[in-house]
Structures are given as C-alpha cells and as structure tokens.
Amino acid sequence: MKLLLSLLLLISIISYSKSCDSNGSCGNSPFTLCKNNVTLLENDGQRIDIDKTNGRILFTIKYGDEFEPRVVSVPLEPSEQANPNNYLKSQNTLYGQTTYTKVIGLIQLVGSVSQDIVIDIERRIAGPTSNIFFPNNTIGNELTWNQIGNFIFKETTNTQYTCWPYSSKIFKGDIGKYNDLGGTLYNGPCGEMKTNDINNDLYIYDGTSVIYKGSLNPSTNGTYIRDLPIVYNETKPYTIKEFDISSTDLYYSNTIDKKIYSVSLADTFGPKKTILSDLPSSFQYYNNFIFYSLNGKIGRVNVVSGLNEILFDSSLNKSHCICAQGFQGESCDHCDQSNNLISWVNGIPRCIPLTSDGNPITCDYDYQCKTGTCREVPISGGVKGC
Ligand SMILES: *[C@@H]1O[C@H](CO)[C@@H](O)[C@H](O)[C@H]1NC(C)=O
Ligand SMILES: *[C@@H]1O[C@H](CO)[C@@H](O)[C@H](O)[C@H]1NC(C)=O
Ligand SMILES: *[C@@H]1O[C@H](CO)[C@@H](O)[C@H](O)[C@H]1NC(C)=O
Ligand SMILES: *[C@@H]1O[C@H](CO)[C@@H](O)[C@H](O)[C@H]1NC(C)=O
Ligand SMILES: *[C@@H]1O[C@H](CO)[C@@H](O)[C@H](O)[C@H]1NC(C)=O
Ligand SMILES: *[C@@H]1O[C@H](CO)[C@@H](O)[C@H](O)[C@H]1NC(C)=O
C-alpha cells in the first residue's frame, strides 16, 4: 500500500511537472493560477532584458482574460521540467493605463538589486516616453519623452547613462530622475549604445549606419560622436535594428537581410558570421548566447555551436502556473495591503496599488472608489478607474 501511494505520488509529480491542467495544480490556488492563451508582446517596441544576477530573461506578455500586460521572466536555461512552478515568474503587472497613456511594455531592467524596470508608454500628446516602473507595480518618473531612450545603469554607483535620440546626446546622471538626465557626455546622433564593461568602453550606434567607440568615462566631455573612432560601418544605411557587444564580438540585427550577424571586434571590417537567419524583435548577448524574441517565442542561440533552443513559446498555448495579478513571492501570496487593495472577481484575486488619494489605480467595483463609482476610463482601451 505504501509503495502504491508513493508510486501514485511520483506519477502525480511527473505529470505536474509537464504543465498545469487546473488552477488547483499550481500550488497556492487561487493566488497561483494555471493560465493559457498568452501572447508575447514584441511588435510595438517591447524588448527583452537579462537579469544576470538571478539568471533570468525578462519580456512582456498579455493573457487573453487580463487587461494589463505583464513583465515576466524565465530562467536562462531551458529547464522547465526541473522547475515547473517557478519557471514563469510574474515580475510586474503593468497597471497604469489611462486616457492619455497606453502602456507598451518592457524596455530595460534597471538592475538586479532594485528590480526596477524601464517601460515604454505611448502618450497621446507627446508620443512615446520611457518611464521607471517599480516592483510594487506603480509607474515612477518619466525619463525621456518624444523618443524612448536607451540606458546603461550602474546600480552600485547610482549612475544612469542615457542615449536619447530626440536630443542627439548621451547624458550621465543619477538613476531615475524626472526631467534630469545629468550632464552631457557626448554630442551628436545616438541611436543605441552598449558597453561590455571592458575598460569603460562605450559603443555608440549613430542611428544611420556607423558604430563608434567612446568611453563611459571620457577624458573630455562634449565630444562629437562622429569624431570618435569608427568600429563598424554598415553599407546599407538604416538597416541596423539593434546591436550588442561581447568582450570579443559585435552582434547586430539587419532589417533587410533579416539576420543577426557577428563580426570580430579585432577586425570589424573582416568577415561576418550569421548567428541567426531571422530578424528578432529584440535580442541581447550574454555568456556565449544570443537571447532573442521572435514570432511569439523567447529563444537563445549559442554563438559558438549555433545550437538554437526555445525558452518560452506562446504559440504552443501551453498552460503555465503564475501568480495572480500583482501578487508576489514564492507562494504568490504577497500583497502589501497598506499600499494595495485585494480585489476578487469570480474567485480570482488581484493586488491593485493605491494612489496617494487612496483610490486604487484600477478598480473592479464601485465600492472600491472614494467617489463610489468605478467606470471605464474614456479612450483608455477599456481600463476601469475611479
Ligand atoms: C482558473 O480559474 C479561472 C476562474 O475561475 C478560470 O477562468 C480558469 O479557466 C481556470 N483555469 C484552469 C486551467 O482551469
Ligand atoms: C488556448 O487554449 C485554451 C484552452 O484550451 C483555449 O480556450 C484558447 O482559445 C487557446 N488560445 C489560442 C490563442 O489558441
Ligand atoms: C485569447 O486571447 C485573445 C487575445 O488576447 C482573445 O482575443 C481571445 O478571446 C482569447 N481566447 C479565449 C478563449 O479566451
Ligand atoms: C563629464 O560629465 C559627467 C557628467 O556630468 C561628470 O560626471 C564627469 O566628471 C565629467 N568629466 C569631465 C572630464 O569633465
Ligand atoms: C560609411 O560608408 C559609406 C559608404 O558605404 C560612406 O559613404 C560613409 O562616408 C562611411 N561613413 C563614415 C563615417 O566613414
Ligand atoms: C512603490 O514604490 C515606490 C518606490 O519605492 C514608492 O515611491 C511608492 O510610494 C510605492 N507605491 C506604492 C503604492 O506602494
């Protein structure tokens, strides 16, 4: 009998580890949910990013039965079988859409310590803005407007480097300040910048065709970017979509060839190698892999062996266990009720942040609002507010 029981237990553990089939199979139901019908949001400028300290890749998704997109993460290794419950982790529920703002999704992780992220918001008047978004699911300061920025963050020194195409400058300042990107490091067009943390090297794409080499700590400030040494010059202008740098190579995606190429930093005008024969919506280099988002999938390709592996595939419409909206922690039951309210709809809870006036950022019922009315916010796409 005992043997039979442990055998049954073993079988249930095995099937449990494949994918969930009911909310009850996800541990702490209903705070932990079994969900499907997920879409990877990748075609409106959402990007992937890597939390190197925690070994996870972050990206933006949306479930068919939820209004708010979420930033989620999976491990950098394709290890779902080994870790079924915490494979897909809900990092943030992107609350905060209003009449004037549409929440687009993840741009970058600020750092492993704060777990703050930068998100892209589409403003109806000003165009896109880059905004800090906190782990408690609230929007913080606006960093850039009109065109989103590209950032390098150093949490240990509270430093933020900003490449802001709109102002044609690279700035150095403190992390997350409103309307204050700090002092000017470089002048001239900047489309994207990256560092590989070697000798403070800073690689700058001018947004047209050339990648230059500067420094995070230049001996003179205000140098014109086009006076810096050239690292790479793409023959077809405006075809570099994104680039990244390892200690040895430059990687870039090309919109005409629809490929990711690598060239050696030692000889960037030498031969190039095809790393991926597809144009990902976003990619990043880390630890011998190119991580990318493409056609509903998050994948990684080994830059040495070429081995391509899928880490998350929304097109399979598989069920995953995930925390209910806004909840955090291993058991998905963490919701700080001094700053949030728990709202139950059809037996499913969500943890909704409160604004300074005591109203929830979004609402489900009239009684949750000080005014006594919870209604659809005008031209917001359907979000409800007080
Ligand atoms: C989880 O519960 C919700 C709400 O009752 C339900 O809509 C959903 O289908 C359930 N998920 C599964 C996989 O049964
Ligand atoms: C995903 O699967 C669920 C459950 O089988 C189904 O209701 C839903 O329509 C599917 N979604 C897509 C996009 O295929
Ligand atoms: C699945 O999600 C899509 C888009 O998010 C939605 O239009 C569709 O109704 C959903 N299907 C189900 C069965 O929930
Ligand atoms: C350049 O400007 C940055 C940001 O204002 C400042 O931190 C740095 O000390 C300046 N460097 C020089 C060489 O003036
Ligand atoms: C890059 O190459 C093009 C020709 O392919 C040339 O016209 C252009 O001047 C080069 N840019 C720089 C900065 O050297
Ligand atoms: C969320 O976190 C930020 C930054 O720590 C803080 O300023 C803000 O008051 C918090 N808001 C809520 C609702 O907890």
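# Close-up views of a predicted model

The structure holds two cavities of 30 Å³ or more. Please keep in mind throughout that this is a predicted model.

**View 1. The second largest cavity and its lining.** This cavity has a volume of about 40 Å³. Its lining includes a run of neighbours in the numbering, L40, L41 and E42, as well as Q46, R47 and I48. F59, T60, S293 and I298 complete the list of lining residues. Sorted by class, the lining of the second largest cavity has five nonpolar, three polar and two charged residues.

**View 2. The largest pocket.** Here we turn to a pocket with a volume of about 830 Å³. Its lining is made up of 36 residues, and those closest to the centre are D49, K52, T195, D197 and Q284. Several strands give two or more residues to this lining: β3 (49-51), β7 (101-109), β11 (150-154), β15 (192-194), β20 (240-245) and β24 (282-286). By class, the lining of the largest pocket counts 13 nonpolar, twelve polar and eleven charged residues.

**View 3. The second largest pocket.** About 420 Å³ of space lies in this pocket. Of its 24 lining residues, D65, E66, Q325, I348 and R350 are the closest to its centre. The elements that contribute two or more residues to the lining are β1, β29 and β30. The lining of the second largest pocket divides into nine nonpolar, seven polar and eight charged residues.

**View 4. Ligand 1 and the residues around it.** Which residues should you look for around ligand 1? They are D21, S22, N23, C34, N346 and I348. One of them, I348, also appears among the residues closest to the centre of the second largest pocket. By class, the shell around ligand 1 has two nonpolar, three polar and one charged residues. For a single contact to find by eye, take C34: a polar atom of its backbone lies 3.4 Å from a nitrogen atom of ligand 1. On its own, ligand 1 has 360 Å² of accessible area, and the protein covers 48% of it.

**View 5. N346, a residue beside ligand 1.** N346 belongs to the set of residues around ligand 1. N346 sits in the loop between β29 (340-345) and β30 (348-353). The phi angle of N346 is near 50°, a positive value in a residue other than glycine. Is N346 buried or exposed? N346 counts as exposed because its relative accessibility is 79%, and the cut-off for that class is over 50%.

**View 6. Ligand 2 and its asparagines.** The residues around ligand 2 are N36, N37 and N317. Two contacts are worth locating here. In the first contact, an N or O atom in the side chain of N37 is 3.0 Å from a nitrogen atom of ligand 2. In the other contact, an oxygen atom of ligand 2 lies 2.3 Å from a polar side-chain atom of N317. Of the 360 Å² of accessible area that ligand 2 has on its own, the protein covers 33%.

**View 7. A cis peptide bond at P30.** The peptide bond that leads from S29 to P30 is cis, and its omega angle is near 5°. To find P30, look in the loop between α1 (2-18) and β1 (32-35). Strand β1 may be familiar from View 3, as one of the elements that give two or more residues to the lining of the second largest pocket.

**View 8. The loop residue S168.** S168 is found in the loop between β12 (159-164) and β13 (169-174). The phi angle of S168 is near 50°, again a positive value in a residue other than glycine. S168 is classed as partly exposed because its relative accessible area is 29%.

**View 9. N150 and its contact with M193.** N150 lies in strand β11, one of the strands that give two or more residues to the lining of the largest pocket. A polar atom in the side chain of N150 is 2.5 Å from the backbone nitrogen of M193. With a relative accessibility of 5%, N150 counts as buried.

**View 10. S253 and F283, brought together in space.** S253 is part of strand β21 (residues 249-254). S253 is buried, since its relative accessible area is 0%. In sequence S253 and F283 are 30 residues apart, while in space their C-alpha atoms are 8.3 Å apart.

Notes. Residues numbered from 1 in each chain as written. Chains lettered and ligands numbered in written order. Predicted model: local features only at pLDDT ≥ 70, side-chain atom pairs only at ≥ 80, totals over all residues. Heavy atoms only, no water. Near = heavy atom within 4 Å. Polar contact = N/O pair within 3.5 Å; in protein donor to acceptor, adjacent residues only side chain to side chain. Areas by Shrake-Rupley, 256 points an atom, 1.4 Å probe, with all protein chains shown as cover. Nonpolar A, V, L, I, M, F, W, Y, C, P; charged D, E, K, R; others polar. 1 Å grid on protein atoms, 1.4 Å probe; cavity = no way out; pocket = protein on both sides within 12 Å on 5 of 7 lines; lining within 4 Å. Points joined across faces, edges and corners; volume = space filled by probe spheres on them. Helix = DSSP H or I, 4+ residues; strand = E, 2+ residues; numbered from the N terminus. Buried < 20%, exposed > 50% of the residue type's maximum accessible area, 1.4 Å probe, protein only.
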